[in-house]
Amino acid sequence: MRLSYSFAIVLILFAAVVAQETKPKTRSDGKSWWEHVKVLADDNMEGRDTGSPGHKRAAAYVADQMKKDGLKPAGTDGYFQPVNFVTRKIDESQSSMSLVRDGKEEPLKLGEDANLSVRGNPAPGVEAPMVFVGYGLRVPEADYDDFAGLDLKGKVAVFMAGAPPQIPAALASHYQSGEERVKTMKSLGLVGAIGIPNPKHMDIPWSRSTLARLRPSMALADSDMPVMFGAGFNPAHADKLFAGTGHTLDELISLNEAGKSLPSFNLPVSVKAKAKFESSEVTSQNIVGLWPGSDSKLKSEYVVLSAHV
């Protein structure tokens, strides 16, 4: 997901001028922030895509503002801390996905029925039976486990995005993260996961979100994410997965809206897919500055403000 320019700019401006705004006996004229907006939003920055020349120019600008405002360099190279990423981009012309029912393949249209994920550490393909696992969550702190009692080894989990209302929001957010999901599912013997967005809670409709599927995704180069197949399924077509189970997506959505638990059940259909993707490496920059506190008793404590360039 890409942040909107306005949101990203507001965050980085706050980070860049925080020292200026908190210096003793100084006051902002309310105009300096707009000068930062004009610089960072200029076409010369080329969108500030991670690791791009425009991003480097933006990082250099922010570092220069930190220096002018008296922040001490706190990176590994002055104000900078290089971060290495691996980018992956799907090649749909060499990729495919289908459902296998009673020995017969039913091809799926990528972009319309489903999207192959290249996030994390994606598997190049899969052929496996599927099981519906509710929200696909295990939350020990809430004594909640969608996987309890299920035969999962060698299967692909199908889950509906979201969480049951009884789980506190902070915990639900943590365990819905891609990293936590993959680690939990891999530890249970699952080989893949297919997520179905809840159309009642989609900020962006499938017809728009699917347009971003061909953009590169990024992962930390030293990530220890396990290899796993991943895909997203268009909720408007999700009943292709549930045919023959006696369940429908509308039923599951109604249960969610009523605050009730979702059932778990095997699907009488397997998934077969191959994913061809292009990979490359890119180096980005964190910009790190330190504004020392004035209270000697608190020198070992920090307030950390993080923002996007």
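How many salt bridges does a search of the whole structure find? The search finds ten, a salt bridge being a side-chain nitrogen of Lys or Arg within 4 Å of a carboxyl oxygen of Asp or Glu. The model is predicted, so local features need pLDDT of at least 70 and side-chain atom pairs count only at pLDDT 80 or more, while totals for chains, interfaces and linings use all residues. Residues are numbered from 1 along each chain as its sequence is written, and side-chain values use heavy atoms, without hydrogens and water.

Three of these pairs lie within helices, which are DSSP runs (H or I, at least four residues) numbered from the N terminus.

| Salt bridge | Helix | N to O distance |
|---|---|---|
| Lysine 38 and glutamate 35 | α2 | 3.3 Å |
| Aspartate 64 and lysine 68 | α3 | 3.3 Å |
| Lysine 183 and glutamate 179 | α5 | 3.0 Å |

An α-helix has 3.6 residues a turn, so residues three or four places apart point the same way. Lysine 183 and glutamate 179 are four residues apart, about one helical turn. Lysine 183 is partly exposed at 33% relative accessibility; buried means under 20%, exposed over 50% and partly exposed in between, with a 1.4 Å probe and protein chains only.

Helix α5 (residues 178–187) also has buried residues, namely Arg181, Val182, Thr184 and Met185. Elements covering them include α4 (169–176), where contact means heavy atoms within 4.5 Å. Just after α5, glycine 189 takes a positive phi of about 95°.

Notes: Helices (H or I, at least four residues) and strands (E, at least two) are DSSP runs, numbered from the N terminus.
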